[in-house]
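Q: Could we go through this model together, one sheet at a time?
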Amino acid sequence: MKTYNLCLLGFGNVGKALLRLLVEKRATLRDRYGFDWQITGVASRRLGWIAAPDGLDPETLLRGELPAPMADTGADPVRAWLDRARADVLFENSSLNAQTGQPAIHHLRTALELGAHAITANKGPIVHAYHDLRDLALQHGKRFMFESTVMDGAPIFSLFRDALPAASIVRFRGILNSTTNYILTRMEAGLDFDAAVREAQAIGIAETDPSADVDGWDATVKVTALATVLMDSPLDPAQVERSGIRGLTGEAVQEALAQGFRYKLVCTAERDEAGSIRARVGMEKVSLTDPLASVMGTSSLVHFETDVLPGLTLTEHNPGPKTTAYGLLADLINALR
Ligand SMILES: NC(=O)c1ccc[n+]([C@@H]2O[C@H](COP(=O)([O-])OP(=O)(O)OC[C@H]3O[C@@H](n4cnc5c(N)ncnc54)[C@H](OP(=O)(O)O)[C@@H]3O)[C@@H](O)[C@H]2O)c1
């Protein structure tokens with residue numbers, strides 16, 4: 001049975017959840033998919049570049065007992081590290097840099113150049129370098145996979161790649177940012193905007209500075225990623241018409257409800273007659289009979305209109321770190337088969 005060397009770059013919530021899931025699913029991977037794995041590299045800014053070609057013990061890593069990093073990594077540390085770890089697969093789960101996608105793009109690029117599969121939950125590389133990385137992977141006969149970048153583990157990219165070949169998306173519409181959806185849900189329950197934001201921060205779904213979510217930036221990056229990949233049309237986040245939910249009052253939320261509407265941060269993208277993509281993120285009052293109105297809390301939804309299936313809707317209920325980890329695991333299995 002082949003044992004693959006896996007390297008984890010970024011060992012935060014997602015990296016750790018992935019390692020826990022790999023351990024949980026080890027027997028399934030062996031019995032059903034015929035392969036085993038070992039972790040030969042772990043890296044982050046604080047941890048440095050840890051490489052162990054004979055494998056690291058997952059439980060020890062999860063307890064936070066990490067061996068010393070490489071002492072000399074030269075001018076291109078990620079290359080030296082992947083080389084030393086004899087990586088077959090890189091999981092790139094470092095923090096999002098929405099402006100440039102770096103250094104994650106460099107990490108993924110280096111892995112592909114060295115002949116490893118490159119798998120990520122980081123949206124930056126999709127938005128800023130999807131076509132380059134896709135072509136590089138093809139050139140090296142490896143896979144570049146990113147299922148967890150949008151709607152966590154829900155199969156969106158693989159749906160169009162594998163289950164709906166040659167289907168062409170005319171338009172999509174959805175709720176893609178769980179933090180704002182949670183805030184809006186709590187405002188319906190009677191909290192004002194600031195209290196709902198504080199609650200989202202207290203349960204760990206909003207950051208100390210919530211502006212990436214409440215001003216619509218995260219949703220914009222996700223719309224850009226979906227349009228770029230699924231509509232095969234490079235789109236810059238700056239081309240997305242964007243507004244957020246800041247300024248919405250509790251009174252307005254209650255008034256809308258009384259009239260049979262709900263406020264939602266709605267993402268849309270469509271191809272116009274000239275073939276260009278027009279994309280928008282903005283708050284809308286949606287009717288309670290609209291499928292988008294049924295999405296509460298941290299759940300999300302996307303509805304696709306295609307040239308062959310007039311309408312197809314995917315809803316993801318209550319995702320957690322394991323959901324994101326599952327998207328990465330599914331990518332691993334799909335990359336290796
Ligand atoms: N959390 C989710 O549910 C979720 C869902 C979908 C996608 N994602 C995406 O998954 C990625 C990871 O998210 P997370 O929740 O695990 O974040 P996190 O808990 O903050 O962990 C980020 C990890 O990346 C490392 N890191 C950050 N910048 C780095 C750099 N320049 N070089 C090397 N390591 C770096 C951090 O460690 P140091 O500080 O030591 O460098 C840390 O280990 C992000 O891109 C995020 O957008 C997350």
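**Sheets, helices and the ligand shell**

Q: How many bridges join strand 7 and strand 9, and in which sense do they pair?
A: Strand 7 and strand 9 are paired antiparallel through four bridges. Strands pair if DSSP finds at least two bridges between them; helices (H or I, at least four residues) and strands (E, at least two) are DSSP runs, numbered from the N terminus. The model is predicted: local features need pLDDT of at least 70, side-chain atom pairs count only at pLDDT 80 or more, and totals for chains, interfaces and linings use all residues. Residue numbers start from 1 along each chain as its sequence is written.

Q: Which residue in strand 9 is the bridge partner of Arg171?
A: Glu270 is the bridge partner of Arg171. Glu270 also stands opposite Arg278 in strand 10.

Q: And how do strand 9 and strand 10 run?
A: Strand 9 (residues 261-271) and strand 10 (residues 277-287) run antiparallel, joined by 11 bridges. Lys264 faces Glu284 of strand 10 across this pairing. The two strands make a hairpin with five residues between them, and Gly275 in the turn has a positive phi of about 95°.

Q: What is the strand order of the open sheet with strand 8 and strand 12?
A: The order is 8-10-9-7-11-12, in an open sheet of six strands with mixed pairing. Strand 8 (241-242) and strand 12 (312-316) are at the edges with a single partner strand each, so one side of each has no neighbour in the sheet.

Q: Which strands does helix 11 lie across?
A: Helix 11 lies across strand 7 (169-175), strand 8, strand 9 and strand 10, at about 35° to strand 9. Contact requires C-beta atoms, placed from the backbone, within 7 Å. Axes are lines fitted to C-alpha atoms, for helices over the stretch in contact, and angles run from 0 to 180 degrees between N-to-C directions. Helix 12 (residues 250-258) lies across strand 9 and strand 10, at about 85° to strand 9.

Q: Why is helix 11 described as largely enclosed?
A: Of its 14 residues, 13 are buried, so helix 11 is largely enclosed by the rest of the structure. Buried means that 20 or more other C-beta atoms, placed from the backbone, lie within 10 Å of the residue's own. Asp232, which follows helix 11, has a positive phi, near 45°.

Q: Changing topic, what is the order of the sheet with strand 3 and strand 6?
A: Six strands form this open sheet in the order 3-2-1-4-5-6, again with mixed pairing. Strand 3 (48-56) and strand 6 (144-145) are the edge strands, each pairing on one side only. Helix 13 packs on the sheet, touching strand 1, strand 2, strand 4, strand 5 and strand 6, and its direction makes about 160° with that of strand 5.

Q: Which residues of helix 1 are buried?
A: Val14, Gly15, Ala17, Leu18, Leu19 and Leu22 are buried in helix 1. Their cover includes strand 1 (2-9), strand 2 (35-44) and helix 13.

Q: Which residues come nearest to the ligand?
A: Gly10, Gly12, Ser44, Arg45 and Arg46 come nearest, out of 21 residues around the ligand; a residue is near if its C-beta atom, placed from the backbone, lies within 6 Å. Helix 1 (13-24) and helix 13 (321-336) each supply at least two residues of the shell. Helix 1 gives the largest share, three residues.

Conventions
A residue is buried if 20 or more other C-beta atoms lie within 10 Å of its own, exposed if 12 or fewer, and partly exposed in between; C-beta atoms are placed from the backbone. Two residues are in contact if their C-beta atoms, placed from the backbone, lie within 7 Å.
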